[in-house]
Amino acid sequence: MLAHDIIIKPVLTEKSYGGIQDKKYTFVVAKTANKTEIKKAVEEIFNVQVEKVNTVNVRGKMKRMGKNQGLTPAYKKAVVQLKKDSKSIEFFDSLS
């Protein structure tokens, strides 16, 4: 898999904003990607040094619209911790 196929999009929530000062960044990643592939993809795309990666499989939530019901899509989320001497990711600098 290519690096841009592994990292799908950043997660921009209040909780993820709190980790930016500690160089923790959150991304939605491909469901089949493992921690090693995620680490290599982030290092390749953003030219940074990754210390560790934590992943979470997020299940879809039940949503109702009247009598109709369905599930939101399930996805995989990765929290990436950069090394202390690594530069930060420029995309997130303007958000904090």
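Read along the sequence, the chain follows the pattern α-β-α-β-α-β-β-β-β-α, so colouring by secondary structure is a natural way to begin, with four helices and six strands to pick out. Keep in mind throughout that the model on the screen is predicted. With the whole protein in view, the C-alpha trace spans about 55 × 30 × 20 Å along its principal axes, and buried residues make up 31% of the 96 residues.

**The aromatic cluster**

Select Tyr25, Phe27, Phe46, Phe91 and Phe92 next, and show their side chains, since together they form one aromatic cluster. The structure holds four aromatic pairs. Begin with phenylalanine 27 and phenylalanine 92, whose ring centres are 5.8 Å apart and whose planes stand at 80 degrees, an angle that makes the pair edge-to-face because planes over 60 degrees apart are counted in that way. Phenylalanine 27 belongs to strand 2 (residues 24–29) and phenylalanine 92 to helix 4 (residues 90–93), so this contact ties together parts of the chain that are 65 residues apart in sequence. Both phenylalanine 27 and phenylalanine 92 are buried.

Keep phenylalanine 92 selected and add phenylalanine 91. These two rings form an aromatic pair that is also edge-to-face, with 5.2 Å from centre to centre and 85 degrees between the planes. Is phenylalanine 92 buried or exposed? Its relative accessible area is 2%, and phenylalanine 92 therefore counts as buried, the limit being under 20%. Phenylalanine 91, by contrast, has a relative accessible area of 43% and is partly exposed.

**The nonpolar patch**

From phenylalanine 91, turn to the surface and select Leu12, Tyr17, Phe91 and Leu95, which make a nonpolar surface patch of about 340 Å². Phe91 thus appears both in this patch and in the aromatic cluster. Leucine 12 sits in the loop between strand 1 (7–10) and helix 2 (14–18), and with a relative accessible area of 41% this residue is partly exposed.

**The largest pocket**

Now display the pocket surface and look for the largest pocket, which holds about 330 Å³ of space. Which residues lie nearest its centre? Of the 16 residues that line the largest pocket, they are Val11, Thr13, Ser16, Thr26 and Lys77. To see which elements contribute to the lining, highlight strand 1, helix 2, strand 2 and strand 6 (75–82), each of which supplies at least two of its residues.

**Two pairs of residues to compare with a distance tool**

Finish with two C-alpha distances. Select lysine 31, in the loop between strand 2 and helix 3 (35–46); at 55% relative accessibility lysine 31 counts as exposed, because the limit for that class is over 50%. Draw a line from lysine 31 to glycine 66: the two are 35 residues apart in sequence and 31 Å apart in space, C-alpha to C-alpha.

Then move to glutamate 51, which is found in strand 3 (residues 50–58) and is partly exposed, with a relative accessible area of 47%. How far apart are glutamate 51 and lysine 83 in space, C-alpha to C-alpha? The distance is 5.0 Å, although 32 residues separate glutamate 51 from lysine 83 in sequence.

Definitions and conventions:
Residues are numbered from 1 along each chain as its sequence is written. This is a predicted model: local features need pLDDT of at least 70, side-chain atom pairs count only at pLDDT 80 or more; totals for chains, interfaces and linings use all residues. Side-chain values use heavy atoms; hydrogens and water are left out. Patches are made of residues with over 30% relative accessible area and no salt bridge: like charges are joined within 9 Å, nonpolar side chains (Val, Leu, Ile, Met, Phe, Trp, Tyr) within 5 Å. Accessible areas come from the Shrake-Rupley method with a 1.4 Å probe; for residues, only the protein chains shown count as cover. A salt bridge is a side-chain nitrogen of Lys or Arg within 4 Å of a carboxyl oxygen of Asp or Glu. Buried means under 20% relative accessible area, exposed over 50%, partly exposed in between (1.4 Å probe, protein chains only). Rings of Phe, Tyr and Trp (its six-membered ring) pair if their centres lie within 6.5 Å; planes under 30 degrees apart count as stacked, over 60 as edge-to-face and the rest as tilted. On a 1 Å grid over the protein atoms alone, a cavity is a set of points where a 1.4 Å probe fits but cannot get out, and a pocket is an open set with protein on both sides within 12 Å along at least five of seven lines; lining residues have an atom within 4 Å of a point. Grid points are joined across faces, edges and corners, and a volume is the space filled by probe spheres set on the points.
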